[in-house]
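Please look at the sequence and the model below. The paragraphs that follow go through helix packing and a metal site.

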Amino acid sequence: MSEQELGITESKEYATGDWYAEVVQKAKLADYAPMGGFIVTRPRGYALWEALQDRLDGWFKETGVTNAYFPMFIPESFLEREKDIVEGFDPEVAWVTHGGHDELEERLAVRPTSESIIAPFMAQWTRSHRDLPLRLNQWCSVVRWEATETKPFFRTKEFLWQEGHTAHEAEDEAWNETMLRLDQYERLFEDELAIPIMRGRKPEHDKFPGAHTTTTIEALMPDGKSVQSATSHYLGTSFAEAFDLTYTDEDEEERVAHTTSWGLSWRSLGALIMTHSDDQGLVLPPTIAPTQVAIVPIWQEDTKEEVLEYAEGIAGELEAAGISVDLDDRDERNPGFKFNEHELNGIPIRFEIGPHEVEDEEVTLVHRPDGESIVEDREDIAATVEAHFDDVYDKLYDAAAENLEENVREAESPPEILGTIGKHGGYVECGWCGDEACETVIKDEIAAEIVMCPLDRDEEPAQEECAICDDAAEETAYFARTY
Ligand SMILES: [Zn+2]
C-alpha cells in the first residue's frame with residue numbers, strides 16, 4: 001500500500017459521514033458485508049468490543065448479575081403475548097418461515113430483543129420471594145430490519161449488544177436497579193471511553209414499548225448529533241403481568257414482580273470512534289486501546305544493534321508492567337511510514353528511539369491526539385508511561401467535554417430551535433408541554449427530536465411556557481439531531 005492509500009483522505013469537519021466510513025475501514029475495524037445492512041467486524045474492531053465488554057461484564061458480575069443465553073429465534077406466539085412489543089417492533093422483525101424445504105408450523109422471529117423469550121423463563125424460575133431478585137444478562141446479537149443506509153456500528157440490521165433482565169419484589173428495588181445500570185453505563189463512557197454524557201429520561205411517546213420509564217445516556221458527537229448510547233428501563237409490572245412473573249411473599253400472598261431491562265450495543269464503539277478520531281485516523285483512549293504503546297526504533301546500519309537492544313529492553317519492562325506494546329522493528333518500512341500507520345491505527349503513545357536516546361538514556365514519547373512530543377528518562381519508564389496515559393485520557397476527555405459544554409443552548413420559539421440546531425447542532429434546551437405534536441413541528445422541519453427530558457420528573461421546567469405552542473411547560477425537553 002502506498003502512503004496515500006494508507007492515509008485518510010476525507011475531512012472530519014467537512015464530510016463527517018465519509019470520513020467516519022474511511023476511518024473504520026482503513027483502521028481495519030470493519031468491512032461491509034455482501035448483504036446491505038450488515039458488517040464484518042475485523043479483529044481490531046472486535047478487540048475494542050471485547051475491551052468494553054470486559055469492563056461492563058466485570059461490573060455487572062460485581063453487582064449480582066449472572067450471564068445466560070437464550071435462543072436467537074422466538075416463536076411468534078411468544079412475541080404476541082406482549083402486544084406492546086409486537087406493535088413496537090413488528091415492521092422491523094425478520095422471520096424464519098422454512099426449515100430446510102419444510103414450511104414451519106409457526107413462524108420464528110429472529111430476536112429484535114429478548115424480553116418475550118426471557119420473561120416466561122424468569123416466571124418459571126420464580127416461585128417465592130426467596131428467588132428474587134433475579135438478575136440475568138446475555139451478550140448476543142439482535143436483528144432489526146431497518147431500511148436505512150449502513151453505517152458501521154451506528155446503523156446495521158444485526159448488531160451486538162448486551163441485554164440485562166431483572167425481576168424484583170418491590171418498585172423501589174427495581175427502580176434502584178434501573179439507576180445502577182445507568183450509572184454503570186455512564187461510568188463506562190466517562191471513565192473508559194473518555195466521553196462525557198448527558199443522562200435523562202425518554203419522553204413518554206418514545207420510551208421502550210411497555211416500559212414505565214426509559215432512561216438514557218446521550219453522547220454529543222463532534223458533528224453536533226446526539227447518540228443514544230445506552231438505555232435502562234424500569235418496566236413496572238406490565239411485563240410481569242403479561243408473562244405471569246409472580247411470586248409468593250412472606251405472608252404467602254401472590255404478588256407480581258417489578259422488572260427492568262437494560263442494554264448497551266456496539267453503537268458505543270461508533271461513538272468512541274466518532275468522538276476522538278481525526279483526519280490522521282483512529283484515536284483511542286489508552287484505557288481501551290488494544291495496543292497502548294508503539295515503539296519505533298530509528299537506526300542506521302551501524303547503530304541498529306544497540307538501538308534494537310535498547311528498545312527491546314524498554315518493551316520488556318513495559319510488558320512486565322501490564323502495558324500492551326508493539327515494538328515495530330520491521331526492516332522494510334521506514335520510520336515515517338510507521339509513524340503514519342500507528343497514527344492511523346490509533347495507538348495512544350508512540351516511542352521514538354534512536355542513537356541519541358540510547359546515548360542519553362532517554363525516550364522520546366509522542367501523544368497520538370495532538371502530536372505533543374516529550375523527552376523522558378529511561379529510568380522508571382513504566383510509571384512514566386502510566387502518567388502519560390492519564391494525560392492522553394484527559395486531553396481526549398477535555399476536548400469532548402468542551403464540545404458538550406459549548407453545545408447546550410436555550411431556545412424559546414420554533415424558529416429559534418430550528419435556527420440554533422440548524423446553525424450549531426448540539427442540544428437545544430426548552431420548555432415543553434409534553435405533547436408529541438409539538439415535537440413533530442420540529443421533527444418535520446429539521447429531523448431533530450426530543451432525545452431526553454430530565455430524570456427527575458419533578459424538576460422545574462427550564463422555561464414557563466412550551467417553546468413550540470406557548471401552553472404551560474410541564475418539563476424541559478432537549479432537542480437534537482440523532483444518529
Ligand atoms: Zn407544546
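At what angle do the axes of helix H2 (residues 16-26) and helix H9 (residues 267-276) cross? They cross at roughly 110 degrees and come within 11 Å. Axes are lines fitted to C-alpha atoms, for helices over the stretch in contact, and angles run from 0 to 180 degrees between N-to-C directions. Helices (H or I, at least four residues) and strands (E, at least two) are DSSP runs, numbered from the N terminus. H2 and H9 are therefore roughly perpendicular to each other; angles of 65 to 115 degrees count as such, under 35 as roughly parallel, over 145 as roughly antiparallel and the rest as oblique.

This is a predicted model, in which local features need pLDDT of at least 70 and side-chain atom pairs count only at pLDDT 80 or more, while totals for chains, interfaces and linings use all residues. Residues are numbered from 1 along each chain as its sequence is written, and side-chain values use heavy atoms, with hydrogens and water left out.

The axes of H2 and H9 come within 11 Å. Thr16, Trp19, Tyr20, Val23 and Val24 of H2 meet Gly270, Ile273 and Met274 of H9, contact meaning heavy atoms within 4.5 Å. These residues divide into 6 nonpolar, 2 polar and no charged. Ala, Val, Leu, Ile, Met, Phe, Trp, Tyr, Cys and Pro count as nonpolar, Asp, Glu, Lys and Arg as charged, and the others, Gly among them, as polar.

Helix H14 (residues 414-424) packs against helix H15 (residues 436-446) at about 40 degrees, with the axes 11 Å apart. H14 and H15 are therefore oblique to each other. Pro414, Ile417, Leu418 and Ile421 of H14 make the contact with Ile442, Glu445 and Ile446 of H15. By class, this contact has 6 nonpolar, no polar and 1 charged residue.

A zinc ion is bound in this part of the chain by Cys433 (SG), Cys438 (SG), Cys466 (SG) and Cys469 (SG), at 2.3 to 2.4 Å. Donors are N, O and S atoms within 2.8 Å of the metal (3.2 Å for Na, K and Ca); water is not among the atoms, so sites may look incomplete. The 4 donor atoms subtend angles of 105 to 116 degrees, which makes the arrangement tetrahedral; for four donors, that term requires all angles to lie between 85 and 135 degrees. The spacing of the donor residues in sequence is C-x4-C-x27-C-x2-C. Cys433 is in the loop between strand E21 (427-432) and H15, and Cys469, 36 residues apart from Cys433, is in the loop between strand E22 (448-452) and strand E23 (475-481).

Definitions and conventions. Tetrahedral: all angles 85-135°; square planar, octahedral: opposite > 155°, others 65-115°.
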